[in-house]
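I opened a fresh notebook page for a structure I had not met before. Here is what I looked up, step by step.

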Amino acid sequence: MNKPLSLALLAGGILLIVFGVNASNSFGSDISRFFTGSPTDKAIWMMVGGVVAAVVGLLGLARGSK
């Protein structure tokens, strides 16, 4: 994996994590949390996807290009 792609994955992952945290603090998530005990699926998937993308980006940067 080349360095620019790894950096893009890392940056995109961080953005998804931030958007997921913001979505989990939204009014819709509060309503969902009241009835189900957990935030909306959208918020959860954004955070999970962000973590996965950030980890892949970090691994790509740590591994380096050959």
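**Entry 1: one side of the first helix**

I am working with a predicted model. I began with α1 and noted that K3 and P4 are exposed, on the side away from the buried residues. Then I listed the buried residues of α1, and they are S6, L10, G13, G20, A23 and S24. Seen down the axis of α1, these buried residues fall within an arc of 155°, so they line one face of the helix. I kept a general rule beside this: an α-helix has 3.6 residues a turn, so residues three or four places apart point the same way.

What do the buried residues of α1 pack against? I found α2, residues 27-36, and α3, residues 41-63.

I also checked the length of α1. The helix covers residues 3-24, which makes 22 residues, and at 1.5 Å a residue they should span 32 Å. The end C-alpha atoms of α1 are 31 Å apart, which agrees.

**Entry 2: the whole protein**

I stepped back for an overview. How many helices and strands are there? I counted 3 helices and 0 strands. Read from the N terminus, the order of elements is α-α-α.

Next I looked at the overall dimensions. Along the principal axes, the C-alpha atoms fill a box of roughly 50 × 15 × 10 Å. The radius of gyration is 15 Å, but a compact globule of 66 residues would have one near 11 Å.

I looked up burial and surface too. Of the 66 residues, 24% count as buried. The accessible surface comes to about 4600 Å², and 73% of that belongs to carbon and sulfur atoms.

One more overall number went into the notebook. I took the contacts between residues at least 6 apart in sequence, and 66% of these join residues at least 24 apart.

**Entry 3: the third helix**

I gave α3 the same length check. Its 23 residues reach 33 Å from the first C-alpha to the last, close to the 33 Å expected at 1.5 Å a residue. The buried residues here are A43, M46, G50, A53, A54, G57 and G60. I asked what covers them, and the cover includes α1 and α2.

**Entry 4: two alanines up close**

I picked A43, in helix α3. Is A43 buried or exposed? A43 has 0% relative accessibility, and the cut-off for buried is under 20%, so A43 counts as buried. Leaving out residues up to four places away in sequence, I found A43 touching G20, A23, S24 and S29. Three names in that list were familiar to me, as G20, A23 and S24 are among the buried residues of α1. I also noted that A43 and L61 are 18 residues apart along the chain, with 27 Å between their C-alpha atoms.

Then I turned to A54, which also lies in helix α3. A54 has 10% relative accessibility and counts as buried. Which residues is A54 in contact with, leaving aside neighbours within four places in sequence? I wrote down L9, L10 and G13. Of these, L10 and G13 are on my list of buried residues in α1. A54 and L15 are 39 residues apart in sequence, and their C-alpha atoms are 9.4 Å apart in space.

**Entry 5: residues with more surface**

I wanted some contrast, and I chose V18 in helix α1. V18 has a relative accessible area of 41%, which makes it partly exposed. From V18 to L5 I count 13 residues in sequence and 20 Å in space, C-alpha to C-alpha.

T36 came next, in helix α2. T36 is exposed, with a relative accessible area of 56%. T36 and L61 are 25 residues apart in sequence, and 39 Å separates their C-alpha atoms.

**Entry 6: a pair of rings**

My last search was for aromatic pairs. How many does the whole structure hold? The search finds 1. The pair is F34 with F35: the ring centres are 5.0 Å apart and the planes stand at 85°, so the pair is edge-to-face. The cut-off behind that label is an angle over 60 degrees. I checked the surroundings of both residues as well, and F34 and F35 are exposed.

Key: Residues are numbered from 1 along each chain as its sequence is written. This is a predicted model: local features need pLDDT of at least 70, side-chain atom pairs count only at pLDDT 80 or more; totals for chains, interfaces and linings use all residues. Side-chain values use heavy atoms; hydrogens and water are left out. Helices (H or I, at least four residues) and strands (E, at least two) are DSSP runs, numbered from the N terminus. The expected span of a helix is 1.5 Å times one less than its number of residues. Buried means under 20% relative accessible area, exposed over 50%, partly exposed in between (1.4 Å probe, protein chains only). The arc is that of the directions from the helix axis to the C-beta atoms. Contact means heavy atoms within 4.5 Å. Rings of Phe, Tyr and Trp (its six-membered ring) pair if their centres lie within 6.5 Å; planes under 30 degrees apart count as stacked, over 60 as edge-to-face and the rest as tilted. The radius of gyration is taken over C-alpha atoms; the globule rule is 2.2 Å times the number of residues to the power 0.38. Accessible areas come from the Shrake-Rupley method with a 1.4 Å probe; for residues, only the protein chains shown count as cover.
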